[in-house]
Each structure stands twice: as C-alpha cells, then as structure tokens.
Amino acid sequence: MALTAPSGFDVSELREAIRTTYEQVALDPSGVFHFHRGAAYAVNLLGYDAAELASLPEEATSRFAGVGNPLAIGPIEPGETVLDHACGAGTDLLLAAGRVGPQGRAIGVDITPGMRQVASRALAAAGVADRAEIRAGSYEDLPVATSSVDVVISNGVINLAPEKRRVFQEIWRVLRPGGRLYLADVVVARELKLEARQRPELWAACIAGALTERELVSTCHDIGFAEVRPLMHFRCFEGTSAEDKVSSDLHVQGLNLFARKPQH
Ligand SMILES: C[S@@+](CC[C@H](N)C(=O)[O-])C[C@H]1O[C@@H](n2cnc3c(N)ncnc32)[C@H](O)[C@@H]1O
C-alpha cells in the first residue's frame with residue numbers, strides 16, 4: 001500500500017515543494033505547472049457548469065486546481081455545514097456557500113497563505129462572507145470541531161499527503177454521524193516506481209502520491225465509511241507536461257467518490 005511516503009523520502013522537502021508550488025499558483029496561475037488550472041479546464045475536462053463558474057470571482061476560478069468535480073457527487077442542502085479541506089483559492093467553497101444559503105456554513109481550510117488570501121477576498125467579493133470563512137491549518141490537524149460537518153469536500157488533496165490515513169481520520173472526526181464525503185482525487189492504475197514516488201515536484205503535481213482506485217476504496221472502508229462508491233473518472237492531466245513524465249500505462253486520472261460516515 002502507498003498510504004505513506006516511501007521510506008527515506010524527505011517529507012520536509014515534500015512539504016516545501018507543495019508550499020512553493022501552491023504559493024506560485026496563488027501568485028500567478030498563468031505560470032508553468034505540471035497540472036491544469038482555471039475555469040476553462042474545470043468546464044471542459046471536469047464538467048463544471050460554465051455559467052455558474054462565470055458568476056464567481058475570476059481571481060478564485062483562475063486558480064482552481066482540482067482534479068474532479070465534488071459538487072457533482074451529490075446535493076448540498078440549505079442550512080448544511082460544509083468543509084472544503086485544502087480549499088485552495090476557493091472555487092468549490094464558493095459553490096458550496098451558494099448551496100448552503102444564509103442559514104448554512106461553508107468553511108475552507110488551507111495551509112498556503114497566498115491561497116487563503118485569494119479565497120478570503122473572493123468570498124467577500126461574492127457576497128457570501130456572512131456564511132463562509134477561511135481558516136489557516138492542515139488537513140492532518142483540521143481547525144474544525146468534532147462531529148460538526150454535514151459534508152466534507154475534497155478536490156485534488158489526499159494524494160498530496162504523506163500520511164493519508166491521518167487525513168482520512170481527520171475527515172472522519174469532523175463529520176457528524178450520517179455525514180457525507182464528496183471526494184475527488186487522482187488515481188493510478190498501479191503504484192508508481194520508487195524513482196517517480198521520490199520526486200517532490202511530481203508529488204506537488206498531484207501524481208506521485210496518488211493511490212490506486214482499489215486502495216482509495218479500501219482505505220475508506222478501513223476508516224469505517226459506508227456506501228463507498230467510485231463514480232465518474234476525469235482526464236484531468238490530458239495535455240499537461242505531467243503526462244510526459246509518467247508512463248501511459250499508469251492511466252493517471254481524476255475520480256469522484258462518495259462515502260458516508262454511518263449513523264451508528
Ligand atoms: C491541488 S490544490 C487543490 C486546491 C482546491 N481544492 C481546488 O480544487 O482548487 C491542493 C491544495 O492543497 C493545499 N495543501 C497542501 N498541503 C496541505 C496541508 N497539509 N493542509 C491543508 N492544505 C494543504 C495547497 O495549498 C493547495 O491549495
């Protein structure tokens with residue numbers, strides 16, 4: 001299982017590569033990266049609604065860097081509390097804030113200061129700061145109360161974590177009984193070769209730390225989730241420089257997955 005980084009891998013180097021990469025995306029999303037960004041990518045490859053994205057602050061949508069479409073997994077009801085862990089510049093969070101309405105809460109957590117600044121400005125510009133907020137923190141130790149969240153959204157996040165079980169445990173902790181996980185993440189057809197898994201820039205590009213679909217599903221079951229359902233797949237790396245760096249038989253793609261924390 002690839003639930004942890006390879007032994008001997010310098011996790012602090014990985015964290016630094018992730019920090020640098022996403023600060024750069026926050027600073028200038030038009031720069032050169034191994035992965036797609038922006039609204040046109042979200043619409044064309046991930047099935048986001050073009051008109052809905054066009055209604056959001058461009059500062060946020062231009063920095064979108066997800067790999068699937070968590071809000072297409074299921075409904076978000078008025079009055080619910082949603083957590084977007086590692087929300088980046090806040091595109092999914094803004095969409096969730098629209099769904100929960102004035103009686104609900106939408107909380108975004110991210111570790112990168114530049115991303116948090118963009119997301120905070122975008123929430124104010126979109127007029128949803130009454131119900132949505134950005135918190136500084138890590139998905140390994142979420143600044144969110146236990147059993148307080150109806151839906152956790154995750155888009156392009158868990159693959160980045162060197163300790164994936166810990167991240168799933170945090171999601172489990174913050175979800176209320178009966179709460180839903182709307183997860184979009186990268187999956188690969190087989191574990192990457194050790195040489196590729198030891199390249200921090202390939203981790204930061206959401207590839208080297210990806211699990212197979214079977215590992216993702218079995219990890220959800222191990223944590224205790226029920227109704228674990230892999231749904232749509234997305235060609236999220238099509239035409240990127242990352243495709244040249246990994247062999248095509250890896251079938252690197254985005255996956256939408258539903259899971260529920262049981263009531264009892
Ligand atoms: C691939 S981007 C996806 C961002 C967002 N979900 C989206 O769809 O645009 C990954 C995000 O994870 C954040 N991140 C990386 N490590 C993190 C950690 N330990 N805790 C919280 N956020 C983290 C990065 O700052 C970045 O915003």
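Guide: A pocket is an open set of points on a 1 Å grid over the protein atoms alone, where a 1.4 Å probe fits, with protein on both sides within 12 Å along at least five of seven lines. A molecule sits in a pocket if more than half of its atoms lie within 2 Å of its grid points. This is a predicted model, in which local features need pLDDT of at least 70 and side-chain atom pairs pLDDT 80 or more, while totals for chains, interfaces and linings use all residues. Residues are numbered from 1 along each chain, and side-chain values use heavy atoms, without hydrogens and water.

Visitor: In which pocket does the ligand sit?

Guide: The ligand occupies the largest pocket. Around it are 20 residues (a heavy atom within 4 Å), the closest being A65, A86, D110, T112 and N155.

Visitor: Which N or O atom in a side chain is 3.1 Å from a nitrogen atom of the ligand?

Guide: A polar contact is a pair of N or O atoms within 3.5 Å. Here, a side-chain N or O atom of S138 is 3.1 Å from a ligand nitrogen atom. Backbone N or O atoms also approach ligand nitrogen: that of Y139 at 3.0 Å and that of I111 at 3.4 Å. The protein covers 98% of the 590 Å² of accessible area (Shrake-Rupley method, 1.4 Å probe) that the ligand has on its own.

Visitor: How many aromatic pairs does a search of the whole structure find?

Guide: A pair of aromatic rings is described by the distance of the centres and the angle of the planes. The search finds 6 pairs (centres of Phe, Tyr or Trp six-membered rings within 6.5 Å; planes under 30 degrees apart are stacked, over 60 edge-to-face, the rest tilted). One of them joins W172 and F225, edge-to-face at 5.2 Å centre to centre and 85° between the planes. W172 lies in helix 7 (residues 164-174), whereas F225 lies in the loop between helix 10 (213-223) and strand 7 (226-234), 53 residues apart. Helices (H or I, at least four residues) and strands (E, at least two) are DSSP runs, numbered from the N terminus.

Visitor: Is F225 buried or exposed?

Guide: F225 is buried (under 20% relative accessible area; exposed is over 50%, partly exposed in between; 1.4 Å probe, protein chains only), at 3%. W172, at 24%, is partly exposed.

Visitor: Why is the pair of Y182 and F258 called tilted?

Guide: The pair is tilted because its planes stand at 40°, with ring centres 6.1 Å apart. Y182 is in strand 5 (residues 175-188) and F258 in strand 8 (residues 253-260), so the pair ties together parts 76 residues apart in sequence. Y182 is buried at 1%, and F258 is buried at 6%.

Key:
Polar contact = N/O pair within 3.5 Å; in protein donor to acceptor, adjacent residues only side chain to side chain. 1 Å grid on protein atoms, 1.4 Å probe; cavity = no way out; pocket = protein on both sides within 12 Å on 5 of 7 lines; lining within 4 Å.
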